[in-house]
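Open the model in your viewer and keep the selection tool at hand. We will walk along a few helical stretches and then stop at the ligand.

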Amino acid sequence: MEIRTTTVFHMAGYSYAIFCWGLFSLYCIGYQVKQWRIFWHRRQKLNKLDDKAFDPCFPWEHWLRPLDRVVSIPFVTEMIAVKHIVGMCLFVIVNVIFILFAPFKWTDGFTSFRFEAIGLYDRRCAFMGMVNWAFVFILASRNSILTSMSGFTFESIIPYHRWVARVGLLEFIPHFVWRMYKGYIVNYVVADTLFCDLEQTSGTICMFGFLLLFVTSFSFVRRRFFEFFYYAHLIGIVVAIIFACIHEPACFLYFIPAVILWVADRAWRSYQSWLVPMVLLKMDTAVTKTETQEGISRMLFDYAGMTGYQPGQYVFLALARKKANAWWLRWRMANWHPITVSEVFPGNKAPDAAEKRVPHHSDEAGRHSISLEGTTSLDTNSLRRRASAWADEESQTKHSRDQHKVASLHIKALGGFSRDLLRHADEGSEVYVKVDGPYGPRLAYQDYQVLACYAAGIGITPALTLIKDCVERRASGVSTVSTSYVQLVWVVRSTEETLAFHDQILYWRDRAAKAILPVTLDLQLYVTREPRGEKSVSGFDRTRYGQRPQMDECMNTIPVQHHVCVHTCGSDAFMSSVINEASRRGWHHHHETFEF
Ligand SMILES: Cc1cc2nc3c(=O)[nH]c(=O)nc-3n(C[C@H](O)[C@H](O)[C@H](O)COP(=O)(O)OP(=O)(O)OC[C@H]3O[C@@H](n4cnc5c(N)ncnc54)[C@H](O)[C@@H]3O)c2cc1C
């Protein structure tokens, strides 16, 4: 096997790769400059040198805001931003240009464009597809230096992972079809179409790997049979890579850097989830299943990996029931579910930790398993009280930097995994549990005067941590938090769903009332499937029964109509209405989708 580096297909491939990396580097530089601006502004504010309103966005981000509008494309996606459609069109055009013209060499005798033989173009297409598939790998990494440099987060780049993969696959098709035809016409034997020699056979198997990935990643399969999709993905990618490299050794050059990044990502994830200490403190039912809603389970855990946590982020959770003589149940630990952290509290490593830590056992392999003993000593109200007491201590900053964080998760019982979890919580079963993370956005809401959160159902969880963070920091007088007005519009089917978070909402009220820097809370609840009631649910300023919010009306009630940071999480239809209204007003927004 020999790697031919001087072929014109290879030149087209690597010139395209260099072009893409160049663009990406420019983006990273822009992102880092933006981060530096934000840092500089906060420093000035801290030193009381600058108290002017600050806009963290560059001017051109405002000019492009109309392109943030989202639309649905029938049979393709429920929600896509216009800027992404434009971006994908440009991406396809760039691909076509490289397929036709790369490596753009100008020769003296060149007078007009001449189409080459198909046998040349199909291989150019294949090489371009290969480069795109190398990007596909990188776009599926949870941790990588590239995500840190660019500020892209796992959930924000996953749609690109899908789109780039489809373009890459499309580029393989002409090569696949043309080579099948060429294989067949050698001896006119049908089997030769796919398996005439090693090159043809490996190419065919590789293509089956890619097709398996493609077919099982349709949203129909992904949404209904997530586990099948997940394992098919792993098998498909391993098969595709191995046989691609046998088929064309140059694939090594393109795939290996991406594979190295992917392996490093897996190694880091394994380290985080298996070696970083994690203790499950409590697992219980936050809301019991009733006729009107599915029920919500809650987990409280102390995890050393949470030190870098930012409000609005999520972790991956794996869980398996602990049962005597049923070690095989632990295969479920390979299945990770993303769940947003719903609240964080300072953990026990601080000097005056008050709570009794639940002892954990080690299993025969020395790993931590959990115990639910003594959980009555752990209630979130006392953890909150402890946190606010520490916040008043002078030494708080120093301690908070190196202490563990206790975090809670609220999980709605929707399908196999989450219903099992609710059942285990109800029955008090013993479980193995692992956490990997945190992942997700680092939202710079604090530089805006207004934080406006719009959530539907369990989509409230990211908003909870954002609002709590804002209220606590304003209450403690942190001058770099400029947000003085918080609006929350929460849509639920029944008031029972609010029970899980009721005490947290009352806690915000309490802290906001005694805040050093003023913060106004405007909390609105919409209950869609309950008979019209008169009573406002306590903690909320307004409760509306039997109706959905009109986004324009809600946003009109915000007293400051500029410098607004919008966060939304819920169904695609719900988020679309929020995003479109926010972009119409030129507001900065971020949305969280609870499905990949
Ligand atoms: C970033 C993010 C944050 C989330 N935060 C929360 C939260 O705070 N609380 C909460 O209740 N839910 C949250 N979810 C949703 C939660 O991950 C799914 O509801 C859960 O994985 C469903 O699994 P299931 O087997 O119970 O249901 P299923 O019936 O198997 O799936 C229900 C839906 O969840 C999706 N899903 C299933 N498994 C996964 C998986 N491993 N990864 C991604 N999606 C999956 C499926 O596509 C399907 O649409 C979040 C999802 C994401 C992507």
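A helix here is a DSSP run of H or I that is at least four residues long. Bear in mind as you go that this is a predicted model.

With that in mind, select residues 228-246: the chain is 100% helix and 0% strand there, and the end C-alpha atoms sit 27 Å apart. Next, pick residues 163-181, which are also 100% helix with 0% strand. From one end C-alpha atom of residues 163-181 to the other is 28 Å. Both stretches appear in an unreviewed UniProt entry as "transmembrane region", a feature that the record also places at residues 12-33, 85-106, 126-142 and 201-221.

Now move to helix H4, residues 118-138. Its 21 residues reach 31 Å from the first C-alpha to the last, close to the expected 30 Å. Is H4 largely enclosed or not enclosed by the rest of the structure? Buried means under 20% relative accessible area, and 18 of the 21 residues of H4 are buried, so H4 is largely enclosed.

Finally, select the ligand and show its surroundings. There are 23 residues around the ligand, and the closest are Trp 336, His 337, Pro 338, Ser 418 and Glu 595. Zoom in on Trp 336: one of its backbone N or O atoms lies 2.7 Å from a ligand nitrogen atom. At Thr 340, a polar backbone atom is 3.0 Å from a nitrogen atom of the ligand. Turn to Thr 461, where a side-chain N or O atom is 3.1 Å from an oxygen atom of the ligand. Taken alone the ligand exposes 860 Å², and the protein buries 92% of that.

How values were computed:
Residues are numbered from 1 along each chain as its sequence is written. This is a predicted model: local features need pLDDT of at least 70, side-chain atom pairs count only at pLDDT 80 or more; totals for chains, interfaces and linings use all residues. Side-chain values use heavy atoms; hydrogens and water are left out. Helices (H or I, at least four residues) and strands (E, at least two) are DSSP runs, numbered from the N terminus. The expected span of a helix is 1.5 Å times one less than its number of residues. Buried means under 20% relative accessible area, exposed over 50%, partly exposed in between (1.4 Å probe, protein chains only). UniProt positions are given in the numbering used here, feature names are shortened, and annotations may be inferred rather than shown by experiment. A residue is near a molecule or strand if one of its heavy atoms lies within 4 Å of it. A polar contact is a pair of N or O atoms within 3.5 Å; within protein, one must be able to donate a hydrogen and the other to accept it, and residues adjacent in sequence count only if both atoms are side-chain atoms. Accessible areas come from the Shrake-Rupley method with a 1.4 Å probe; for residues, only the protein chains shown count as cover.
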